[in-house]
Amino acid sequence: MKIEIEMTDEPLKIAPLRLPLSGESGAVVEFWGLVRSMEGGQKIAALHYEAYIAMAKRLLYEIAQELLKKYPCQRLEVCHRIGPVAVGEPSVFLRIYSTHRSEAFQLAQEFINRLKSDVPIWKSPLLAEKEE
């Protein structure tokens with residue numbers, strides 16, 4: 001299994017999926033987490049993400065290793081933004097290569113849940129300007 005973890009303060013630039021694959025993977029699942037226009041009942045312009053990057057990357061890698069034992073997959077790619085991310089833009093991306101789709105979907109769901117609860121990445125809303 002291969003694990004790639006990236007954190008960047010730039011807009012996410014994800015390489016397109018290159019086909020055909022080796023033949024081992026029967027499914028590729030992608031997840032894009034986007035910034036919504038409302039946060040805590042308030043209209044926002046963006047979210048600002050902060051992270052203790054070294055610890056966040058280490059924990060993301062450990063979570064990936066743990067989940068790949070539970071949901072065997074060939075490859076997991078993770079990219080998370082830090083800094084300001086405007087409404088409608090992606091803040092996180094996952095791509096999972098798996099023999100079967102069920103493992104990839106389950107891994108994606110559990111990985112995002114663990115990222116949100118266990119990894120030192122904090123978000124704060126940047127409020128939208130009030131309309132007159």
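**Contacts along the chain**

I began with contact range in this predicted model. Of the contacts in the protein chain with a separation of 6 or more, 80% join residues 24 or more positions apart. I then read off the elements and found 2 helices and 8 strands. From the N terminus on, I wrote their order down as β-β-β-β-α-β-β-β-α-β.

**Overall extent and surface**

I looked up the span of the C-alpha trace next, and along its principal axes it comes to about 55 × 30 × 25 Å. The protein chain exposes about 8100 Å², and carbon and sulfur atoms supply 52% of that area. Of the 132 residues in the protein chain, 39% are buried.

**Strand S7**

Is strand S7 enclosed or open? I checked residues 90-98, and 9 of the 9 are buried, so strand S7 is largely enclosed by the rest of the structure. I then looked for its partners. S2 pairs with S7 in the antiparallel sense over 8 bridges, and there I noted Phe 31 opposite Leu 94. Strand S5, residues 75-81, also pairs with S7 in the antiparallel sense, over 6 bridges. On that side, Cys 79 stands opposite Phe 93.

**The nonpolar core**

Which residues have the most contacts inside the largest nonpolar core? The core has 32 residues, and my list reads Leu 76, Leu 94, Ile 96, Leu 107, Phe 111 and Val 119. I asked where the members come from: S1, strand S4 (42-51), helix H1 (53-70), S5, S7 and helix H2 (101-118) each supply at least two residues. Helix H1 gives the largest share, with 7 residues.

I picked Ile 96 for a closer look. Leaving out residues up to four places away in sequence, I found that Ile 96 touches Ala 27, Val 28, Val 29, Cys 73, Arg 75, Leu 76, Ala 104, Leu 107 and Ala 108. Leu 76 and Leu 107 in that list are also among the core residues with the most contacts.

**Ile 53**

My next stop was Ile 53, which has its place in helix H1. With a relative accessible area of 35%, Ile 53 is partly exposed; the band for that label begins at 20%, below which a residue counts as buried, and ends at 50%. Not counting residues up to four places away in sequence, Ile 53 touches Met 7 and Ile 82. I also took the C-alpha separation of Ile 53 and Ile 121: these two are 68 residues apart along the chain, and the atoms are separated by 8.2 Å.

**Salt bridges**

How many salt bridges are there? I get a count of 11. I went through three of them.

Glu 4 and Arg 75 came up with their closest N and O atoms 2.4 Å apart. Glu 4 lies in strand S1 and Arg 75 in strand S5, so this pair ties together parts that are 71 residues apart in sequence. Both ends are partly exposed: Glu 4 has 30% relative accessibility, and Arg 75 has a relative accessible area of 23%.

Glu 66 and Arg 114 meet in another salt bridge, at 3.0 Å from N to O. This pair links helix H1, where Glu 66 sits, with helix H2, where Arg 114 sits, 48 residues apart. Glu 66 counts as partly exposed, at 43% relative accessibility.

Arg 95 and Glu 77 form a salt bridge too, with the closest N and O atoms 3.4 Å apart. Here strand S7 supplies Arg 95 and strand S5 supplies Glu 77, 18 residues apart. Are these two buried or exposed? Arg 95 is buried, with a relative accessible area of 5%, and Glu 77 is buried as well, at 12%. I followed the shared partners onward and arrived at one network that joins Lys 2, Glu 4, Glu 30, Arg 75, Glu 77 and Arg 95.

**A nonpolar patch**

I closed with the surface. Leu 17, Leu 19 and Leu 21 form a nonpolar patch there, and together they have about 250 Å² of accessible area. Where is Leu 21 found? I placed Leu 21 in the loop between strand S1 (2-8) and strand S2 (27-34). Leu 21 is partly exposed, with a relative accessible area of 32%. A nonpolar residue needs over 30% to be counted in a patch, among other conditions, and the 32% of Leu 21 passes that cut-off.

Note on methods: Residues numbered from 1 in each chain as written. Predicted model: local features only at pLDDT ≥ 70, side-chain atom pairs only at ≥ 80, totals over all residues. Heavy atoms only, no water. Patch = residues over 30% accessible without salt bridge, like charges linked within 9 Å, V, L, I, M, F, W, Y side chains within 5 Å. Areas by Shrake-Rupley, 256 points an atom, 1.4 Å probe, with all protein chains shown as cover. Salt bridge = Lys/Arg side-chain N within 4 Å of Asp/Glu carboxyl O. Helix = DSSP H or I, 4+ residues; strand = E, 2+ residues; numbered from the N terminus. Buried < 20%, exposed > 50% of the residue type's maximum accessible area, 1.4 Å probe, protein only. Pairing = 2+ DSSP bridges. Core = buried A, V, L, I, M, F, W, Y, C linked by side-chain atoms within 4.5 Å. Contact = heavy atoms within 4.5 Å.
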